[in-house]
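Student: Could you pick a single part of this model and look at it closely with me? I would like to know where it sits and then see what lies around it.

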Amino acid sequence: MLFRSLYHLINEQVLLKEVIDAIPDIFLMLNSKRQIVFANSRLLEYSRQSDLTSLLGKRPGELFMCVHSYENPGSCGTTLFCSECGAANAILDSYSGIKSSYECRINAIDNKAYDLKVFASPYYMFDELLSFFTLQDISNEKRRQALEKVFYHDVMNTIGNLHSIAQLLKANPEEIEEFNDIIYNISETLIEQIISQKELSAAENGELSTHIAELSTREILNKIKDEYLNSPYSINKKIIIDENTCDIQFESDRVLIKRVIGNLLKNALEATEEGGSVILKAVEENDKVMFSVHNDFVIPFKIKLKLFQRSFSTKGEGRGLGTYSVKLLT
């Protein structure tokens, strides 16, 4: 049955309309092609539309302007990225007769990002299998959790580096002079990270006030290398600054750029086998500086689809903020 025909049949069910309008979250009725055939008034509030008929036939990804829903006509739910989408999987479950719920993150073409908890249930109406689909906005909760985890994640990295050097000094106290500069740089980084936690909250709210200064490409990379040289992640591994790295002045925020490159370096070291190397490099391209962190590990394609998503990790529970924080800070 065409989605408009279903809409008119459902629209005549006065009691049903009153019930779904009482739902505080966005509630959609989807046909077997994942198209909207009916919805509650919360959807109209979200979309700033006065008439539901203008939204009929749209799919959830099109409604939120997901970047992947416009790759091809009707592509919402059919791309490779959709195979890892909580919304798409919940809807597919409902068409198999299963009630399910997932968390879902949608990146929109207008650069907005949505964190949603989605629920889908199968329901037969007018000889049609529909998916009753509810979307709950959990962005604020996820944002707060992520900011806290990013902060603790970065601070623990820095403290871990400091602790490694303290262990070396405990075993070899006569080498204190050799580590003076490294200890100073790490303690300076720790102070910067604590101060910047307040600024990270501002970043998520679009209110970050950056501190731009003139920096040196080689100085930044040397400091990051020194900080991680004695960390647990670099045992029996080499950190190399590429010989073709440019040595130029550029403008950026020292704290943010060190955290971005430092997190990339840590991830690369974790994925590098003993005896391997991670190469840091900076090159000038079109009056801009491009930093890169390289190792020989190849990321599996399925993992690439979810890379940079908040809380996604291949390393277990409580991980996954490294690449997310890199994207956020960048």
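**V67 and its surroundings**

Tutor: Let's start with V67, which counts as partly exposed because its relative accessibility is 34%; the class lies between buried (under 20% relative accessible area) and exposed (over 50%), with a 1.4 Å probe and protein chains only. Please keep in mind that this is a predicted model, in which local features need pLDDT of at least 70 and side-chain atom pairs count only at pLDDT 80 or more, while totals for chains, interfaces and linings use all residues. Residues are numbered from 1 along each chain as its sequence is written, and side-chain values use heavy atoms, without hydrogens and water.

Together with M65, Y70 and I109, V67 makes a nonpolar surface patch of about 340 Å². Patch members have over 30% relative accessible area and no salt bridge, and nonpolar side chains (Val, Leu, Ile, Met, Phe, Trp, Tyr) are joined within 5 Å, like charges within 9 Å. A salt bridge here is a Lys or Arg side-chain nitrogen within 4 Å of an Asp or Glu carboxyl oxygen; areas come from the Shrake-Rupley method with a 1.4 Å probe, and for residues only the protein chains shown count as cover.

In the chain, V67 belongs to the loop between α4 (60-63) and α5 (86-95). Helices (H or I, at least four residues) and strands (E, at least two) are DSSP runs numbered from the N terminus.

Following the chain on to α5 brings us to a sheet. This open sheet has 5 strands in the order β2-β1-β5-β4-β3, with antiparallel pairing; two strands pair if DSSP finds at least two bridges between them. Its edges are β2 (36-39) and β3 (100-107), each pairing on one side only. On average, neighbouring strands are turned by 30° against each other, direction ignored. Inside the sheet, 5 bridges join β1 (residues 26-30) to β5 (residues 128-137), which run antiparallel, and I26 stands opposite L135 in β5.

Two helices meet these strands. Helix α1 (residues 3-11) lies across β1, β2, β4 (113-125) and β5, running at about 25° to β2. Helix α5 packs on the sheet and touches β1, β3, β4 and β5, its direction making about 145° with that of β3. Contact means heavy atoms within 4.5 Å, and angles, from 0 to 180 degrees, compare N-to-C directions of lines fitted to C-alpha atoms, for helices over the stretch in contact.

As a backdrop, the protein chain has 11 helices and 10 strands, and 43% of its 330 residues count as buried.
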